[in-house]
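Here is a briefing on the model shown below. Keep the sequence and the 3D view open while reading.

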Amino acid sequence: MNTNDKNNSEQLRLQRIEYAYHKFSKTLIKQVRKHYHADQHIAEDIVQTTFERVLRYGYNFASYDDKVAFRFLYTIMRHEASHLLEKQQNYLCTDEIQEILNKISLSAIDSGNNPELLYIERTIVREAVKKLPPSYASVLYLHYYHGYKFKEIADFLGISENTAIQRNYYIRQKLKQILIKEGFRDETDK
């Protein structure tokens, strides 16, 4: 790739990030205010930090369609907001979610043929992920839902590659413990 191609590629990437900022920043700010911080200025700072990370490390961002770009930005924003929350307070699951999880036990039910139970099972997994430390859960989302390599995740989150790998291992073990506690069976124990 010659210098002109690199410059054009970088220019396209920057234009795509600017387009994404204009299209998604207000929505991301609303999400931060709804789920993490009610303060408008803090929400704006979190979204700004999100886009700074994308500018610094989002080498493939120009290739994303709007849906993937938003999910990617949302994941980074969620990590940034959670990181700030961790500094301010412990992040706890609401009592209402805990009640629902305590009432549902799927250990004796085969959900494979029942779409309603499969939906409940997925909801329980989603809620279990919410119980995980957010800075660790970001690694899970970026790796398994977005397909990023640990080196790329490390760059996005500002951590070392080894830390990303360790967090992935830790988070999988923690998620397994939560799901077993909620009534899921460990298929490796057969």
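Helix H1 covers residues 3-35 and bends by about 50° at Phe24. Phe24 is also one of the buried residues of H1. The model is predicted. The protein has eight helices and zero strands.

**Helix H1**

- The bend of about 50° sits at Phe24, within the stretch 3-35.
- The buried residues of H1 are Arg13, Arg16, Ile17, Ala20, Phe24, Ser25, Leu28, Ile29 and Val32.
- An α-helix has 3.6 residues a turn, so residues three or four places apart point the same way.

**H1 against H2**

- The axes of H1 and H2 come within 9 Å and cross at roughly 150°.
- The two helices are therefore roughly antiparallel to each other, the cut-off for that class being over 145 degrees.
- The crossing of H1 and H2 is right-handed.
- From H1, the contact uses Arg13, Leu14, Ile17, Ala20, Tyr21, Ser25, Leu28, Ile29, Val32 and Arg33.
- From H2, the partners are Gln40, Ala43, Glu44, Ile46, Val47, Phe51, Val54 and Leu55.
- By type, the residues of this contact divide into 13 nonpolar, two polar and three charged.
- Several H1 residues in this contact are also buried, among them Ile17, Ala20 and Leu28.

**Two residues of H2**

- H2 spans residues 40-57 and includes His41.
- Is His41 buried or exposed? His41 is exposed, with a relative accessible area of 56%; the cut-off for exposed is over 50%.
- His41 and Ile29 lie 12 residues apart along the chain, and their C-alpha atoms are separated by 9.4 Å.
- Arg53 also belongs to H2.
- Arg53 counts as buried because its relative accessibility is 17%, and buried means under 20%.
- What does Arg53 touch, leaving aside neighbours within four places in sequence? Its contacts are Gly58, Ile76, Glu80, Asp155, Phe156, Leu157 and Gly158.

**H7 and its surroundings**

- H7 is mostly covered, with six of its eight residues buried.
- Those buried residues are Phe150, Ile153, Ala154, Asp155, Phe156 and Leu157.
- Asp155 is found in H7. Neighbours within four places in sequence aside, Asp155 is in contact with Arg53 and Tyr57.
- Asp155 and Gly58 are 97 residues apart in sequence, yet 8.8 Å apart in space, C-alpha to C-alpha.
- Phe150 also lies in H7. Phe150 is buried, with a relative accessible area of 17%.
- Leaving aside neighbours within four places in sequence, Phe150 is in contact with Val139, His143, Glu161, Ala164, Ile165 and Asn168.
- Phe150 and Ser160 are 10 residues apart in sequence and 9.0 Å apart in space, C-alpha to C-alpha.
- Gly158 follows H7 and has a positive phi, near 70°. Gly158 is also among the contacts of Arg53.

**H6 against H7**

- H6 (residues 134-145) and H7 (residues 150-157) pack at an angle of about 135°, with their axes 10 Å apart.
- H6 and H7 are therefore oblique to each other. Their crossing is right-handed.
- On the H6 side, the contact residues are Ser138, Val139, Leu142 and His143. They meet Phe150, Ile153 and Leu157 in H7.
- The residues of this contact divide into five nonpolar, two polar and no charged.

**Arg167 in H8**

- Arg167 is placed in H8, which spans residues 161-181.
- Arg167 is buried, with a relative accessible area of 16%.
- Not counting residues up to four places away in sequence, Arg167 touches Ser135, Tyr136, Val139 and Ile159.
- Val139 of H6 thus appears in two settings: it meets H7 residues as part of the H6 contact, and Arg167 touches it.

**The whole chain**

- From the N terminus on, the elements run α-α-α-α-α-α-α-α.
- Of the 190 residues in the protein, buried residues make up 36%.
- How many of the contacts between residues at least 6 apart in sequence join residues at least 24 apart? The share is 68%.
- One such long-range link is the contact of Arg53 with Asp155.

Note on methods. Residues are numbered from 1 along each chain as its sequence is written. This is a predicted model: local features need pLDDT of at least 70, side-chain atom pairs count only at pLDDT 80 or more; totals for chains, interfaces and linings use all residues. Side-chain values use heavy atoms; hydrogens and water are left out. The bend at a residue is the angle between axes fitted to the seven residues ending there and the seven starting there. Helices (H or I, at least four residues) and strands (E, at least two) are DSSP runs, numbered from the N terminus. Buried means under 20% relative accessible area, exposed over 50%, partly exposed in between (1.4 Å probe, protein chains only). Axes are lines fitted to C-alpha atoms, for helices over the stretch in contact, and angles run from 0 to 180 degrees between N-to-C directions. Angles under 35 degrees count as roughly parallel, over 145 as roughly antiparallel, 65 to 115 as roughly perpendicular and the rest as oblique. A crossing is left-handed if the near helix is turned anticlockwise from the far one by less than a right angle, and right-handed if clockwise. Contact means heavy atoms within 4.5 Å. Ala, Val, Leu, Ile, Met, Phe, Trp, Tyr, Cys and Pro count as nonpolar, Asp, Glu, Lys and Arg as charged, and the others, Gly among them, as polar.
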